[in-house]
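Dear colleague,

I am passing on the structure we spoke about, with the sequence and the coordinates shown together below. Please read the notes that follow with the structure open beside you.

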Amino acid sequence: MIKMETMFDTAIIGGGPAGLSAALVLGRARKNVLVLDEGRPRNRVTGEIHGFLTRDGTRPAEFRRIAREQIAAYPSVRFMDDAAVEVTGTNGRFRIATAGGATIESKKLLFATGKKDLPLDIEGLSDIYGKSAFVCPYCDGWELRDKPLVFIAKGAGAMHFAKTITGWTSSRTLCTNGPDELTEEQREELKRHDVAVFDSPIRRIESVDGLVRQVVLEDGSAVPCAGIFFAPKLAAGSDLPRALGCDVTETGSVVVDGFGKTSVPGVYSAGDAATELYQAIMAASMGMLAAAGINGELLEEAWNGKG
């Protein structure tokens, strides 16, 4: 194994908006930082980032390029294009083994490993994901405004989508892809608001060059539409926080306090790894807060002669 001689103040695992934001803050705080980034962000399937002030409409790869370029002004931050495969140790001396065979030591850890999409189990959905099928109306609803939309959901999730999508279009159809899990009261509520409901399983989604044309159901029905919103099935982006002993929710989010601190001393988490509010600007904000928490902890330890 290749051992890096530097004992880093912080190792950041993950180079998306959360990890990059934390790296910027810690670099400006003159901390020695290593960012481990395997280069497979979840938003790579999307054409643009939206809702991020000054970066609205920026392509994800361009966002990361600009961020790295700006962080390069702070020489105490280093990047390694590699993946962490094992983490051991305790607060003040963590050891990270990478897929590329390197061993890294750091005083603190920040997991900014996001979430990962599980396989899309509807035929044709992967062909349009990030082009005309999306998961967040706040991120992509504007581009589909006033168009006929289908949303794929069940039960309480269907009701949430129905109300939310109303802000962008009045032409919306619910496809539940099987039993709808709705109460009679919810069905009546959707009917009052002119939301058609189809509970037949989805056979396939038909599209041309990534643009959806219609949703074809097993009962032979076809629902024309210009866009789709759906609730993705997600898993934790990394099992390392759980393996290290961090408390994790049933949905795979690392449990943190307001500054990203986990249940394990010296370990922090930020961004999609630690929330279910999946927006780039939220991830960046959480990265900044985690960096402030880490920096404060490092300064306190140095002040008391423990750093």
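**Helix 1 and its neighbours**

Where helix 1 meets helix 2, Pro17, Leu20, Ala23 and Leu24 of helix 1 are in contact with Phe63, Arg64, Ala67, Arg68 and Ile71 of helix 2. Sorted by class, this contact holds seven nonpolar residues and two charged ones, with no polar residue taking part. Please keep in mind throughout that this is a predicted model. The axes of helix 1 and helix 2, the latter covering residues 60-71, come within 10 Å and cross at roughly 15°; because angles under 35 degrees count as roughly parallel, the two helices are therefore described as roughly parallel to each other. The crossing in which helix 1 passes helix 2 is left-handed.

Helix 1 (residues 17-28) also meets helix 8 (residues 280-303), and here the axes come within 7 Å and cross at roughly 40°, which makes helix 1 oblique to helix 8. This crossing is right-handed. On the side of helix 1 the contact is made by Pro17, Ala18, Ser21, Ala22, Val25 and Leu26, while helix 8 contributes Ala280, Ala283, Ala284, Gly287, Met288, Ala291, Ala292, Ile294 and Asn295. By class, the contact of helix 1 with helix 8 has twelve nonpolar residues and three polar ones, and no charged residue.

**A buried threonine**

Thr10 belongs to strand 1, which spans residues 2-13. Its relative accessibility is 0%, and it therefore counts as buried. Once its neighbours within four places in sequence are set aside, Thr10 is in contact with Leu26, Asn32, Val33, Leu34, Ser106, Lys108, Leu110, Ile294 and Leu298. Two of these residues also appear in the contact described above, Leu26 on helix 1 and Ile294 on helix 8.

**The five-stranded sheet**

The model also has an open sheet of five strands, paired in parallel, in the order 8-15-9-10-11. Strand 8 (133-134) and strand 11 (196-198) stand at its edges, and each has a single partner strand, so one side of each is left without a neighbour in the sheet. Strand 9 (residues 149-152) pairs with strand 10 (residues 172-175) in the parallel sense over four bridges, and within this pairing Val150 has Thr173 of strand 10 as its bridge partner. Helix 5, made up of residues 155-165, lies across strand 9, strand 10 and strand 15 (227-230), and runs at about 155° to strand 9.

With best wishes

Methods:
Residues numbered from 1 in each chain as written. Predicted model: local features only at pLDDT ≥ 70, side-chain atom pairs only at ≥ 80, totals over all residues. Heavy atoms only, no water. Axes fitted to C-alpha atoms, helices over the stretch in contact; angles between N-to-C directions. Parallel < 35°, antiparallel > 145°, perpendicular 65-115°, else oblique. Left-handed = near helix turned anticlockwise from the far one by under 90°. Contact = heavy atoms within 4.5 Å. Nonpolar A, V, L, I, M, F, W, Y, C, P; charged D, E, K, R; others polar. Pairing = 2+ DSSP bridges. Buried < 20%, exposed > 50% of the residue type's maximum accessible area, 1.4 Å probe, protein only.
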